[in-house]
Amino acid sequence: MVVLLFLSMTQAQDMARRLHDAHDAYKEQTFTHRRFKHRDIVPLLDSLNGQGPLAVSQVGESLEKRAIYQVSAGTGPNKILLWSQMHGDEATATMALFDLFNFLKAENDGFDSLRQAILSSTTLYAIPMLNPDGAERFQRRTATDIDMNRDALRLQTPEGRLLKKLQQTLKPLVGFNLHDQNPRYSVGRTGKQAVVSFLATAYDPARNVNDVRQRSMQLIVGMNRVLQQFVPGQIARYDDEFEPRAFGDNIQKWGTTLILIESGGYAGDAEKMTIRRLNFVAILTALMAITDGSYKEERIADYQAIPENGRGLFDVLIRNATVVRNGKPVTMDIGINRLEVNTDSARSFKYKSIIEDIGDLSTFNGLEEFDASGMTLLPARVHEQVIDSIADLRRLDLAALRSEGITVFKVRRTRKDNFPDQPVHLLHEGKLPARPLLLGQIPTFLLKRDSKVQYNFVNGFWVDGPLGTVGKANGVAE
């Protein structure tokens with residue numbers, strides 16, 4: 001049996017750096033976006049079966065009869081269960097698991113001793129897509145509209161029953177519960193975006209710590225340490241309030257050390273390819289620590305020192321704008337969130353933004369923000385001609401119209417689920433936003449200084465100007 005020598009903290013960090021830098025060699029190239037389907041992964045799984053140490057088998061099926069597959073590898077005594085996409089729209093770790101599979105079947109790449117040590121010490125069982133019906137719709141819940149992660153007690157979903165059966169029959173030492181979280185979580189009150197968050201789930205309301213939960217905390221300490229070198233100050237942990245219906249809490253209670261990994265957001269990485277790499281590194285780091293037992297040296301206090309997730313971020317935060325109410329100027333901050341709406345049968349998405357909050361938002365931060373001091377927020381101007389359809393926009397000089405503050409167009413024929421590629425706001429049945437500015441509106445408006453347009457905001461994106469985001473903006477219809 002190959003045995004990996006005990007790695008010091010420095011050696012573990014160096015190994016993590018090597019794995020991070022080598023990730024492209026194992027990256028499953030099929031995945032270029034998060035909204036892939038069950039039918040996209042089936043050929044990949046077929047090709048993996050029998051490759052190196054990998055074995056693929058069907059272990060269940062969803063409500064809509066989609067096969068649920070398990071990939072196993074290794075011959076060691078420490079059984080490890082990993083599952084992703086129990087929420088169908090949380091696919092970052094699914095990509096990372098396929099990268100892990102590619103790593104495990106590789107050879108002669110400088111990692112042979114690490115690979116063989118892991119495979120000799122552990123037996124891995126991975127479920128890359130536990131909720132394929134949800135993945136088909138890119139939605140959180142199963143086809144029953146039940147949140148599987150709140151079904152650990154009643155077991156009304158076939159997918160939930162399968163997960164409990166696997167835990168009860170395999171009795172793994174460690175389980176990895178792999179999720180995505182809201183990208184607007186912050187690291188405590190720092191204003192920094194939480195790129196990855198961890199949780200050692202509680203197994204009782206008192207949040208006691210036994211040997212099983214202590215192992216979770218110790219493994220997370222090591223993963224946090226190595227990820228800090230790639231995203232310093234951007235790792236958080238979830239609140240550990242006990243949730244009696246959740247699988248994570250119950251699996252910890254049933255005797256399997258449970259590690260929750262939540263993939264958050266990273267600037268400029270809407271499809272989460274950077275966070276996919278971090279998942280790959282974090283999981284392998286934990287497997288190394290299980291293999292050589294080095295996690296036993298970690299302190300619980302270092303887990304508790306990881307800042308908790310905060311809720312202090314907006315996608316866009318405009319500070320100190322002047323809004324006229326009842327003829328009087330009022331200074332307001334405007335918090336805007338850009339929400340993803342599935343398009344193309346849930347294979348792609350467009351943004352539909354909303355005004356999430358207004359008022360004094362000085363204790364919040366924005367992923368994008370600027371100071372609008374001295375600027376007045378006013379409704380956008382409406383084009384004088386009513387157009388028949390989106391196609392009529394092609395004959396207009398939209399850039400010239402924007403310079404006059406004209407970004408709204410009345411249209412005779414459109415749908416609310418129409419998202420034009422151009423930064424325009426189409427009105428069919430809706431009302432002109434920002435007259436007055438209200439919560440829940442689509443954020444389309446002007447910012448003026450001394451009667452001159454400084455910024456056009458369309459659907460939550462500022463277009464033109466020195467900070468323009470027109471390249472990634474899409475329009476909206478209502």
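**Exercise 1.** What is the order of the strands in the open sheet of 8 strands?

*Solution.* A quick note before starting: this is a predicted model, where local features need pLDDT of at least 70, side-chain atom pairs count only at pLDDT 80 or more, and totals for chains, interfaces and linings use all residues. Residues are numbered from 1 along each chain as its sequence is written, and side-chain values use heavy atoms, leaving out hydrogens and water.

Step 1: read off the order, β1-β2-β4-β3-β5-β9-β7-β8, with mixed pairing. Strands here are DSSP runs of E with at least two residues, helices runs of H or I with at least four, numbered from the N terminus; two strands pair if DSSP finds at least two bridges between them.

Step 2: find the edges. β1 (55-61) and β8 (235-237) each pair on one side only.

Step 3: check one pair. Strands β5 (residues 174-180) and β9 (residues 257-263) run parallel, joined by 7 bridges; V174 has T257 as its bridge partner in β9.

**Exercise 2.** Work out which strands α7 touches, then look at Q218.

*Solution.* Step 1: α7 packs on the sheet, touching β5, β7 (196-199), β8 and β9. Contact means heavy atoms within 4.5 Å.

Step 2: Q218 sits in this helix, residues 211-228. Q218 counts as buried because its relative accessibility is 6% (buried is under 20% relative accessible area, exposed over 50%, partly exposed in between, with a 1.4 Å probe and protein chains only).

Step 3: leaving aside residues up to four places away in sequence, Q218 touches Y295, K296 and E298.

Terms used. Axes are lines fitted to C-alpha atoms, for helices over the stretch in contact, and angles run from 0 to 180 degrees between N-to-C directions.
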